[in-house]
Amino acid sequence: MPARTGCDRLDTPENPVDQLPARGAMRVLILSASPLASQSVTFHLAERLAGSLFPQAEREVIHLHEVNLPACDGQLDVIKEGENLTGAMSGLGAVYSAMRRADVVVFASPVHNFTVSALLKNFIDLMVFESHRPSFIGKPAVLVATAMGAGQDRLFAYLRDVVHSWGFRVVGCLGAAASMLDEPWYEARLQGAIGQLAGRVATRIADQRPRVGLRDVVAFNIWRLVVEINRENTPIDHEYWSRRGWLSAHYYYPCRTWPPARWIARLIATAVRHQIIGRKLKPVT
Ligand SMILES: Cc1cc2nc3c(=O)[nH]c(=O)nc-3n(C[C@H](O)[C@H](O)[C@H](O)COP(=O)(O)O)c2cc1C
């Protein structure tokens, strides 16, 4: 697999929500993160969901277990170097290109100790540059998780934050209890949930000005603060944000928000800036 370089990154269209193809021509990528690969319950649920939501779409599947990704080496040089990504990034290229090609990405992970699988966590760590310079702007994502019992909600909360910081917008989530899948009453409910999601996801994908919540607007403002404060250390991030107009924008793409959200988010970011610049940060205890 070729090493990914900065040149592999396509430029982000100004309003990518406008760039979505007609539903029939969609390409859906299932990024499956179970170590059980094709035997994974989560993967099979993701396939079923993708088949219901996007019956006409071309489907591509990547099992992270079968992609020989390196373990994250803990170096942050990828953030600074940007255009010269090497080393830890080799192996990421094919997955990254598939994500770029796809019109919708389905992230499928089992719940492992109340969060994503180690395979997915490692992938997220390798993608650290993406939160600094997001490029999947407005691209729809669907999250799928299974657990023996509990933890899907915690997994979704975490994964939603991560993929939103890459620019994706989550248009649907489906979590299921693997231990119940053989029960007819549970199967009937699951089928009902998939049916409901099909309508909701279609409406959300067609929405030209998606609704973005306070949590995400705050996260956007905090990322902007990070970029502004580190302007000298990582000018590449600053230049990237500046070129896209994000230094004065409300969010990564045109969206609807609860009007006070923008104001509250600015206020929170100003308070955090004050804490950092005023040397008021305290150790967390
Ligand atoms: C290492 C590990 C940790 C797990 N942690 C949890 C958990 O926190 N909560 C839970 O309900 N199930 C947990 N499970 C069960 C899996 O989430 C469940 O079997 C899941 O459906 C497996 O999906 P897969 O076939 O796609 O790998 C865990 C399983 C493993 C192997």
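The following exercises, with worked solutions, concern a predicted model of a protein with a ligand.

**Exercise 1. Describe the surroundings of the ligand.**

Step 1. Begin with the shell. The ligand is surrounded by 16 residues, and the closest are Ser34, Ser40, Thr42, Thr146 and Gly149.

Step 2. Sort the shell by residue class. It holds 9 nonpolar and 7 polar residues, and no charged ones.

Step 3. Examine individual polar contacts, for which a pair of N or O atoms must lie within 3.5 Å. In the side chain of Thr42, an N or O atom is 2.5 Å from an oxygen atom of the ligand. For Ser34, a polar side-chain atom lies 2.7 Å from a ligand oxygen atom. Ala150 takes part through its backbone: an N or O atom there lies 3.0 Å from an oxygen atom of the ligand.

Step 4. Consider the burial of the ligand. Taken alone, the ligand exposes 640 Å², of which the protein buries 71%.

Step 5. Identify the contributing elements. Helix H1 (41-53) and strand S4 (140-147) are the elements that give two or more residues to the shell.

**Exercise 2. Characterise the packing of helices H8 and H10.**

Step 1. Recall the two quantities required. Packed helices are described by the angle and the distance between their axes.

Step 2. Apply them. The axes of H8 (residues 214-229) and H10 (residues 259-277) come within 9 Å and cross at roughly 35 degrees. The crossing is right-handed.

Step 3. Inspect the residues that meet. H8 contributes residues including Leu214, Val218, Leu225 and Ile229, while those of H10 include Ala261, Ile268, Val272 and Ile276.

Step 4. Classify the contact. Its residues divide into 13 nonpolar, 1 polar and 5 charged.

**Exercise 3. Determine which residues Trp223 touches beyond its neighbours in sequence.**

Step 1. Locate the residue. Trp223 is part of helix H8.

Step 2. Set aside residues up to four places away in sequence; Trp223 then touches Ser131, His132, Ser165, Trp241 and Tyr252.

Step 3. Take one partner, His132. This residue and Trp223 are 91 residues apart along the chain, and their C-alpha atoms are separated by 7.5 Å.

Notes
Residues numbered from 1 in each chain as written. Predicted model: local features only at pLDDT ≥ 70, side-chain atom pairs only at ≥ 80, totals over all residues. Heavy atoms only, no water. Near = heavy atom within 4 Å. Polar contact = N/O pair within 3.5 Å; in protein donor to acceptor, adjacent residues only side chain to side chain. Areas by Shrake-Rupley, 256 points an atom, 1.4 Å probe, with all protein chains shown as cover. Helix = DSSP H or I, 4+ residues; strand = E, 2+ residues; numbered from the N terminus. Nonpolar A, V, L, I, M, F, W, Y, C, P; charged D, E, K, R; others polar. Axes fitted to C-alpha atoms, helices over the stretch in contact; angles between N-to-C directions. Left-handed = near helix turned anticlockwise from the far one by under 90°. Contact = heavy atoms within 4.5 Å.
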